[in-house]
Structure formats: C-alpha cells, structure tokens
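User: I am new to this structure and would like a close look at how its interior is packed. Please also point out any unusual backbone spots along the way.

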Amino acid sequence: MQIAATAGAYRERLRLPPALANWALCWLVLPNLAYAAMWLIGGPPRVIEIFVTGMVGLVIRRARFWIQFPVFVALVAASAMMFVSALFSLSPKAMFYSLGFVLELRPSASPEYAMVAAALLLTLGVAWRCLRLRQDFDAPLQIVAAGAMLFALCAADLWVTAGTRGSYRGVPSADAPFSSAAAQTGFEGLGADGNHLVVVMVEAMGVPRDPALRAKLMRRWREADIGRIYDVKFGSTPFWGSTTYGEMRELCGRWGDYHALIEKRDERCLPARLAARGYRTTAVHGFDESSFQRTGWYPHIGFQQMLFREDLLGRGAEKCGGVFPGACDRDVPALIGERLKQAKGKQFVYWLTLNSHIPVPASDQLRTRDCARFDAALARDHAMICRLFSLWSGTNDSLARMLADPDLPPTDILIVGDHAPPFFDRSQRAQFDPERVPWVLLKHRKSREAKVTG
C-alpha cells in the first residue's frame, strides 16, 4: 500500500499518465537513484548502464512480474559490477575472475561498502513491490516521452561526470605508447654488478598534484642515512588499468592483462630473464594466493617461489585488517631483508604491497586511526588521503630500515606505484595525476665504487 501511495503521489506531481509514471519509477528512478544521489560527490560515467536498463524496461514493460523482476535484478547486478569495474579500472574479465575470492573480502571494515550493500538491498526490496504496478502504455506520444526521459537522464549523467571522466583509465588503445619504471631506469641491467634486485609495487601509490604532498611522499628517500649508501633517482611513468596491468607493465614490459599467461609461459618477462642469468626469483604478496590467479601466472613469468599471506604470517608478520585482510606491509621488508642476508646466490624479489587498497579504514591494526598525528592539515581536509600517506610512509620507513642495515648485501631496489588511488570522491580523486605513477630507484653506491676502484 505504501509503494502504491508513493507512486500515486509521484504521478500526480509529474502529471504523467499512470502506466508511464510507473515505468519511469521502476526503470529510470529506482535503478539509478542511489548513483544520482552520489553525483555531487563523484563516480564514473554510467551512460551505457542507464541506457541499457531503460531500453530493456521499455521492451518488457508489458511482461509479467516474474519476468520483469529477475531481469531487473540482473541489470542492477550488472550495473553495480560495471560501476566497481570502472571505479577500480578493472577490465570486465578481471572483474569476473575477482568474484572467485570475494569471500576473502571484509566489506564490513568499510562503512562505504556497507552503505552500498544497504542501497542495493533497498533497491531490490522496493522493486519487488514497484514492478507489480501497471506499465502497459502503448500510445506513441507516451513511448516518445519515455525515450525523452531516458535520454535526459543519460545527458544528465554525462554532464555531471564530465570533469573526472578522463581519470577512469581502463584498457589502453593498441597504439598507446609504452613506458615503465623498469625500462626508464634500466633496472634489469643493474644486475650486472651481481647485486640483489628488488622491485616493490606499492598499491594505489599515485603522483600527488600538490608539490608539498609529492615531497612528503618521497621525503624518506632524501634523508642522509639513505644517501650515504644509495644513489637515489625519482621519476614517473604512465599507467593504465588496475594492479595486474601495473604488474604486467613492470614485470613483462607491455600493456595488457595476465589472462593469456594462465596457459603459457613468457620467457621475455623480467623474472624469467633474471632466472636465466642465475637469479633466484621470488614473488611476495600479503593477500590470499588465489587472488587474481597469481599462483597460475606468476610461475609462467619466471617466479620460482611465491610467498602469500599464510607464508608471511607464519614467518612472523602481523595480520592487518581492512577490506583486504592480510599480512601487514610494515612487517614484510624485514622478512625480505633476512632472505637477502641469508641467500647463497643472487636474488630477485618482487613485492606487491596490500594495505593501501581503497577504501582505507581508520584502524588500530593499520595504525591509521589517528591520522592527525601524521599530518593534521591533511587529516582535516582529506582524511582518506591522510590514511594512505600514513600507510605509504610506514612502508617507506620499513624499507629504509631494511636498506640501511649494515649487514644487508649490496641491493638495488625499484619502488613504483601500480595506479593512482581509485577514489570515488571527486575532490580526492582530483588530488592525483590521472595518467602517471611515481617511481624511486635506489642504486647501491658502495658496490659500484668498489668496482670502479678495482
């Protein structure tokens, strides 16, 4: 009765014929209301989803409820997946495969995810009643009116999202010029000195637009204890897509995703080339081993050993919560350092960090609850960015302790972001370069001085 009364008031206010008003409520307003409510905050464009949902609703407007409701559910689910895919720059195929480890996630750790889940459930609950209302209009003018409302909603979405549309970078075009931090720095050639090699890919580490924030991000690598041991260089490189695209960029020297590597090897990738030169190759990641099928394709690009969440926890890393629960990033450098110190031969270690996945909660485990202690102004203006910087700073401090250890054998390390932070909030997203990620190269100075002297 309440749904019918609300629909009646809605029709009266808009002065639409009842069947047309019911259709607009069910297929334009209801599936898009939650997204439209977030227009003032941010979000990716949804023109395709709006258009497809409206057109399907127009085609099946005379169908029975038991046909309309399952179709509505399917369209709402597909729209939500496309939204998440665009927000996190996941390809549709990667989004599909990510469903395999969705039970590993902890959405309750983030109020943002809890609100999204509540909105979806509310939408489906209202649709259960709304789709029982009559929508069987046939007059040509009413059909034209339905099309006009649909196009008006699409146009509104285009207008509202125009400012940040370019920041949602998915799959690169075939002619997109390639670059990577590994290529820019000649990282593979550093192994000619016999040094250990380490690549650290930092989750969601983008290039801040504010020079002061860029300086804060790189501050630890400019301090004297690092400068005495390492030559330090800074730069940035283009990125596309999500984390696995970043991995392919730095590890295999090309744009693309990993799916083809599930079935075949690629000896051209950096780990495979280093393994052929006698390096022991190891991949490290603090999340579950099944995430994005890494146990399937990591060996195919040359990794001889893989250490995931349970391995790291078993070696002494603490467990950090958040949406992606796993090993604490701050504990991993010490484990890598011990591995390098105990190694009998040359090592190549690749570490993909974990804890800075968006959204970052205020957490005692992550040490992000009182971010004002890190930067009061940043915590006041952009709380989530402050938490990110706090995590990146903790990772840098842990890496710096490892690198400054006098017992660490000569090691060269490349630190690089995978993609810019995929904020939903428009103002926070605008704080980062939408096309580039930063890198830092630390080349061990003493080993090269000894070589020159010799």
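Analyst: What follows goes from the nonpolar cores to one helix pair and then to the backbone. The model is predicted.

The largest nonpolar core has 87 residues. Within this core, the residues that touch the most other members are Phe187, Trp221, Phe348, Tyr350, Ile415 and Leu442. Helix 17, residues 383-404, supplies the largest share of this core, with 11 residues. Another core, of 27 residues, lies apart from the largest one, and its members include Ala24, Ile60, Phe72 and Cys130.

Leu442 can be followed in detail. Leaving out residues up to four places away in sequence, Leu442 touches Trp221, Ile226, Tyr230, Asp231, Val232, Leu403, Thr411, Asp412, Ile413 and Ile415. Trp221 and Ile415, both in this list of contacts, are also among the residues with the most contacts to other members of the largest core.

Ala24, a member of the core of 27 residues, also takes part in a contact between two helices. These are helix 2, residues 18-37, and helix 7, residues 140-160. Their axes lie 11 Å apart and the packing angle is about 15 degrees. Angles under 35 degrees count as roughly parallel, and therefore helix 2 and helix 7 are roughly parallel to each other. The crossing of helix 2 past helix 7 is right-handed. On the side of helix 2, the contact is made by Leu20, Trp23, Ala24, Leu28 and Asn32. Helix 7 contributes Gln142, Ala145, Ala146, Met149, Leu150 and Leu153. Sorted by type, the residues of this contact are 9 nonpolar and 2 polar, with no charged ones.

The backbone is the remaining topic. Most residues other than glycine have a negative phi, and most peptide bonds are trans. The peptide bond from Ile358 to Pro359 is cis, with omega near 0 degrees. Pro359 sits in the loop between strand 7 (347-352) and helix 16 (376-381). Arg367 is found in the loop between strand 7 and helix 16, and has a positive phi of about 65 degrees although it is not a glycine. Ala204 likewise is not a glycine and has a positive phi of about 65 degrees. Ala204 lies in the loop between strand 1 (196-202) and helix 9 (211-218). As for surroundings, Ala204 is buried, with a relative accessible area of 0%, whereas Arg367 counts as exposed at 57% relative accessibility.

Methods:
Residues numbered from 1 in each chain as written. Predicted model: local features only at pLDDT ≥ 70, side-chain atom pairs only at ≥ 80, totals over all residues. Heavy atoms only, no water. Core = buried A, V, L, I, M, F, W, Y, C linked by side-chain atoms within 4.5 Å. Buried < 20%, exposed > 50% of the residue type's maximum accessible area, 1.4 Å probe, protein only. Helix = DSSP H or I, 4+ residues; strand = E, 2+ residues; numbered from the N terminus. Contact = heavy atoms within 4.5 Å. Axes fitted to C-alpha atoms, helices over the stretch in contact; angles between N-to-C directions. Parallel < 35°, antiparallel > 145°, perpendicular 65-115°, else oblique. Left-handed = near helix turned anticlockwise from the far one by under 90°. Nonpolar A, V, L, I, M, F, W, Y, C, P; charged D, E, K, R; others polar.
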